[in-house]
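Here is a protein chain to explore, step by step. Look it over once before reading on.

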Amino acid sequence: MSVPTTTSRATRGRRELTYAVLLCLAGAGLALWAVTRSWSVEVTARGSLPPVRHARTGADLLPWVSALALVGLAGGGAVLATRGRVRRLLGGLLTLVGLAVAAGGGYGMTAALGGGVGRQWPALVLVGGLIAAVGGAFTALRGGAWPAMGARYERQARPSGRADAGRPAVERGTRDAWEALDRGEDPTVS
C-alpha cells in the first residue's frame with residue numbers, strides 16, 4: 001500500500017478547487033441566464049384590435065434571484081482568492097446563496113404568476129441554484145486544505161546577507177528596487 005505524496009495531495013487539492021469553482025460559476029451563471037428569460041406572458045384583448053402581449057422575465061417577477069445569482073458568481077471567483085477558514089466560511093455563504101436561488105426557482109415553478117407561465121425557466125433557476133449550493137458545500141467541507149494563490153502574490157522576506165547590500169536598491173536591479181518599495185523603503189538610498 002503506497003502513501004500519497006505531497007505532490008498528489010496538491011494535485012488533488014487543485015482539482016477539487018477547480019471543480020468547486022466551476023460548480024459555483026456554472027450554477028450561478030445558469031440561474032442568472034434563466035432568470036432573464038420570459039417566465040410569464042399576459043395577453044390583453046382589445047376588442048377588434050390585435051391582443052397585446054406583455055412578457056415578464058423572472059428578474060421582473062423575483063428581482064432578488066438575479067441579485068443572489070450575481071453574488072454567487074462573485075463568490076465563485078472569490079473562492080480562488082481566499083484560503084483556510086475564510087474559504088470555508090465563503091463556501092457556507094455560497095451554499096446558502098445557492099439554496100436561496102433554488103428556492104426562487106421553486107417558487108417560480110409553483111406560483112400563479114399570471115398569464116401563461118413557462119415552467120422550464122424557473123426549473124433551470126432551481127437546478128442552477130442547486131449546482132451552486134453543491135459547489136459551496138464542497139468548498140465549506142474541503143476548502144480549508146486546498147492550495148492558495150501562487151506565492152508570487154504574497155510578500156516574501158529576502159535574505160539580508162547579500163554582498164551588494166550596501167548599495168541602493170536601484171543599482172542592484174529592478175527586482176530589488178520593487179521589493180524595497182514593497183517594504184516601504186526608498187530604493188534610491190542604501
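Start with what is hidden. This is a predicted model, and buried residues make up 32% of the 190 residues in its protein chain. Now turn to the outside. The protein chain exposes about 11,500 Å². Carbon and sulfur atoms supply 63% of that area.

Next, trace the fold. The protein chain has seven helices and three strands. Along the sequence they follow the pattern α-β-β-α-α-α-β-α-α-α. How do contacts link parts of the chain that are apart in sequence? Take the contacts between residues at least 6 apart in sequence: 64% of them join residues at least 24 apart.

Go now to the two strands that follow the opening helix in that pattern. Strand β1 covers residues 38-46, and strand β2 covers residues 49-57. The two run antiparallel, and seven bridges join them. Together β1 and β2 form a hairpin, with two residues between them. One residue in the turn is G47, which has a positive phi of about 70°. Beside the turn, R46 stands opposite L49 in β2. Keep one rule in mind as you look at strands. In a regular strand the side chains alternate between the two faces of the sheet.

Finish at the surface. Which residues make the nonpolar patch there? They are L96, L99 and L130, and the patch measures about 280 Å². Pick out L96, which lies in helix α4, residues 84-110. Is L96 buried or exposed? L96 counts as exposed because its relative accessibility is 58%, and the cut-off for exposed is over 50%.

Definitions and conventions: Residues are numbered from 1 along each chain as its sequence is written. This is a predicted model: local features need pLDDT of at least 70, side-chain atom pairs count only at pLDDT 80 or more; totals for chains, interfaces and linings use all residues. Side-chain values use heavy atoms; hydrogens and water are left out. Patches are made of residues with over 30% relative accessible area and no salt bridge: like charges are joined within 9 Å, nonpolar side chains (Val, Leu, Ile, Met, Phe, Trp, Tyr) within 5 Å. Accessible areas come from the Shrake-Rupley method with a 1.4 Å probe; for residues, only the protein chains shown count as cover. A salt bridge is a side-chain nitrogen of Lys or Arg within 4 Å of a carboxyl oxygen of Asp or Glu. Helices (H or I, at least four residues) and strands (E, at least two) are DSSP runs, numbered from the N terminus. Buried means under 20% relative accessible area, exposed over 50%, partly exposed in between (1.4 Å probe, protein chains only). Two strands pair if DSSP finds at least two bridges between them. Contact means heavy atoms within 4.5 Å.
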